[in-house]
Amino acid sequence: MVPFQSVCNYPWPGPGRYGLPPAIGFVGHDYTKHTNPAYTFGKKHSSALYEVNCSPGPRYHVDPKITRFGRNGTPAFSILGRVKTSDVSRKPGTPGPGTYNPETAPHLNEHRSPAYSIGSRTRHRKVDVVPAPNSYTLPSLMGPKVPNKPSSASFSVTGRTKRDDLSKTPGPGRYNRTDPNIYKRKLPAYSMLGRYDLPTYYTQKPGPGAHSPEKVTIHKPRVPAFSMGLRHSEFVTPFIIDISD
């Protein structure tokens, strides 16, 4: 059995959402119908296209000294200022023969221990993520944190903490007792109200004109009546009547 659903829950569009392709023109024409040849009205081309030369002409400047074999001519030199000589005491230039000390260099065929130099930090490594040697500390020899020695139980004295339920778990008193009338046979229930006053001569009673029997139409035949409701959401769970195994 197909479950009943409201028409508003169907996701597909209605009849007014579709449009037939046009049968007039060439663009977007209905492919199920015959299409006649289509012509366009253009502009007459000028005959100057066959007479005017579109090339740029002799507007490129080629040096006459440049040939297909290279540059032709005598060598040319330019006159510049004297180059400033470097100060050897302040900024050495090309090292001379006395700059080197080959006697202090060790022999290449001899074994030697590694040598290290302590210099300043370069500008390329201003911030280094590697920790320094003083960042490491040895474990303490007192207390329970010695990794290779047994230790006795240790206790700490702290202040009174706030009584806050960290687990957020409800206790036994948070659950209500289930009414026995839900899972057992329901017993008769009685209510205790106040005493009603007996009607007297001065009690207000409806007169003959208070009733309108001509407005009662429940026993007469009538046409169906419809009401306009709201559109239901597409994500509402449909009402399922039968469940297939």
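This note goes through the predicted model from the whole chain down to individual side chains.

1. Overall make-up. The protein chain of this predicted model holds one helix and two strands, and when these elements are read from the N terminus they follow the order β-β-α. Of the 245 residues in the protein chain, 1% are buried, a figure to keep in mind when the individual residues are discussed below.

2. Surface and contacts. The exposed area of the protein chain comes to about 28,200 Å², and 59% of this area is supplied by carbon and sulfur atoms. Among the contacts in the chain with a separation of 6 or more, 35% are accounted for by residues that lie 24 or more positions apart.

3. The setting of histidine 29. This residue belongs to the segment that precedes β1 (66–67). Is histidine 29 buried or exposed? Its relative accessible area is 15%, and because the cut-off for a buried residue is under 20%, histidine 29 counts as buried.

4. The partners of histidine 29. Once its neighbours within four places in sequence are left aside, histidine 29 is in contact with Pro22, Ala23, Ile24, His34 and Thr35. Two of these partners reappear in the polar geometry: the side chain of histidine 29 reaches the backbone oxygen of alanine 23 at 3.1 Å, and it also makes a polar contact, at 3.1 Å, with the side chain of threonine 35.

5. The aromatic pair. Searching the whole structure turns up one aromatic pair. The ring centres of tyrosine 201 and tyrosine 202 are 5.5 Å apart and the ring planes stand at 85°, so the arrangement is edge-to-face; the angle that decides this is one over 60 degrees. As for the surroundings of the two rings, tyrosine 201 counts as exposed at 73% relative accessibility, and tyrosine 202 is likewise exposed, with a relative accessible area of 74%.

6. The salt bridge. Which side chains meet in a salt bridge? The search of the whole structure finds one such interaction, and the side chains involved are those of aspartate 63 and arginine 71, with an N to O distance of 3.6 Å. Aspartate 63 has a relative accessible area of 30% and is therefore partly exposed, whereas arginine 71, with a relative accessible area of 61%, is exposed.

Methods
Residues numbered from 1 in each chain as written. Predicted model: local features only at pLDDT ≥ 70, side-chain atom pairs only at ≥ 80, totals over all residues. Heavy atoms only, no water. Helix = DSSP H or I, 4+ residues; strand = E, 2+ residues; numbered from the N terminus. Buried < 20%, exposed > 50% of the residue type's maximum accessible area, 1.4 Å probe, protein only. Contact = heavy atoms within 4.5 Å. Areas by Shrake-Rupley, 256 points an atom, 1.4 Å probe, with all protein chains shown as cover. Polar contact = N/O pair within 3.5 Å; in protein donor to acceptor, adjacent residues only side chain to side chain. Phe/Tyr/Trp six-rings, centres within 6.5 Å; stacked < 30°, edge-to-face > 60°. Salt bridge = Lys/Arg side-chain N within 4 Å of Asp/Glu carboxyl O.
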